[in-house]
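User: I am learning to read protein structures, and I would like to understand how the terms follow from the values. Could we go through this one step by step?

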Amino acid sequence: MSKAHIIVRNLTKVYRVPERNEGLAAAIGSLWRRKYREVEAVRDISFSIEKGEIVGFLGPNGAGKTTSLKMLAGLLYPSSGEAYVAGFIPWKRQPEYLRRMSMVLGNKSQVIWDIPAWDSFRLLGDIYGLPAAKLRAAVDELCTLLDMHEILNRPVRMLSLGQRMKCELVAALLYRPEILFLDEPTLGLDVSMQRRFRQFIADYNCRFGTTVILTSHYMADVEALCPRIILINQGQLCYDGSLQGLTQRFAPGKLLRLILSERYVESEADLALPAGLELLKRDGVTWTLRTSQQDILTSVSHILRHLPIVDLTVEDPPLETVIDQMYRGEI
Ligand SMILES: Nc1ncnc2c1ncn2[C@@H]1O[C@H](COP(=O)(O)OP(=O)(O)OP(=O)(O)O)[C@@H](O)[C@H]1O
């Protein structure tokens, strides 16, 4: 068998959703005769992930990301297919497996609202059979890393969203899982808290070699953390590879951003651009152009020869744009 930490083969999940027409008669009728509709949330996906990798699991709303992660975390049975995580079949929910993995859902809480986080951690420590000294050491270490000692004794409902998410992370990492499923962990956090979370996850992965699958709609999370991404759309896997490879494959070329000298007043019509160079946006003296990969040098030299340049930068197209175009089926 392959040594990969996570192996997924032809995994499919079909939900059976009850359906009924509007109105009281339909509601009563549905008590006897229920109609169902099938929703194929995940369709025949396969991939494998090595120990210690951080993989971004991306896709538009409803693509099947949470369903996939829930199957890998053992919260859902698949309709067909196989998965092995750390050698275990997740949905068998063997205690040895549950002790090796953890899942953080950005929109669900596993710490209890009405009691201080410390009490929730004690409860989780009991559930996972952590000796008191080990639990204290783990909480202490994680709280230092997340700079959150002062919030531990306040009821969780009195904490801010960012503080609550810190508690969720501590709860998820108390027993130092080998595999971490993070589903939108930075949802709703402000940019500086998002950055802090990203740094924490990167450091944690580096320190303990934890395998991480992350879903996030914030491309900054993905760019900062995930050298590899898996993209799914309508339940199907449509890309598995490096971030850079995604841009090269689906939006090859570069963006050239120019700032021209104030004295430049030429109209767009008068500017003759060579083949392979296209003006995308012109906002006063700030211009954005796109050039194909093979024409970068000729494009840049044309610009330098014909335009009074104050500043010029060459960039990859923003990940957001590439992903958005993919989601909309434009590339
Ligand atoms: N419990 C359920 N019962 C029926 N259908 C479901 C259930 N959960 C999800 N679905 C459907 O399965 C599909 C995939 O949903 P899923 O939550 O996995 O997507 P997602 O990629 O995580 O989306 P988002 O980015 O919006 O969280 C959607 O069409 C959704 O409506």
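User: Which strands does helix H2 lie across, and at what angle does H2 run to S1?

Analyst: In this predicted model, helix H2, made of residues 65-72, lies across S1, S2 and S4, and its direction is at about 115 degrees to S1.

User: What makes S1 and S2 a pair of strands?

Analyst: Two strands pair if there are at least two bridges between them. Strand S1 (residues 6-19) and S2 are joined over eleven bridges in the antiparallel sense, so by the cut-off of at least two bridges they count as paired. One of the bridges links Ile6 to Ile49 in S2.

User: Why are S2 and S4 said to stand at the edges of the sheet?

Analyst: The open sheet has three strands in the order S2-S1-S4, and the pairing is antiparallel. Strand S2 (35-49) and strand S4 (80-85) each have a single partner strand, so one side of each is left without a neighbour in the sheet. From one strand to the next, the twist averages 30 degrees.

User: How do you know which residues are around the ligand, and which element gives the most to the shell?

Analyst: A residue counts if its C-beta atom, placed from the backbone, lies within 6 Å of the ligand, and the residues around the ligand include Tyr15, Val39, Gly59 and Lys65. S1, S2 and H2 are the elements that give two or more residues to this shell, and H2 gives the most, with three residues.

User: How many residues of each class does the shell have?

Analyst: The shell around the ligand has five nonpolar, six polar and one charged residues, where Gly is counted among the polar ones.

Definitions and conventions: Residues numbered from 1 in each chain as written. Predicted model: local features only at pLDDT ≥ 70, side-chain atom pairs only at ≥ 80, totals over all residues. Helix = DSSP H or I, 4+ residues; strand = E, 2+ residues; numbered from the N terminus. Axes fitted to C-alpha atoms, helices over the stretch in contact; angles between N-to-C directions. Contact = placed C-beta atoms within 7 Å.
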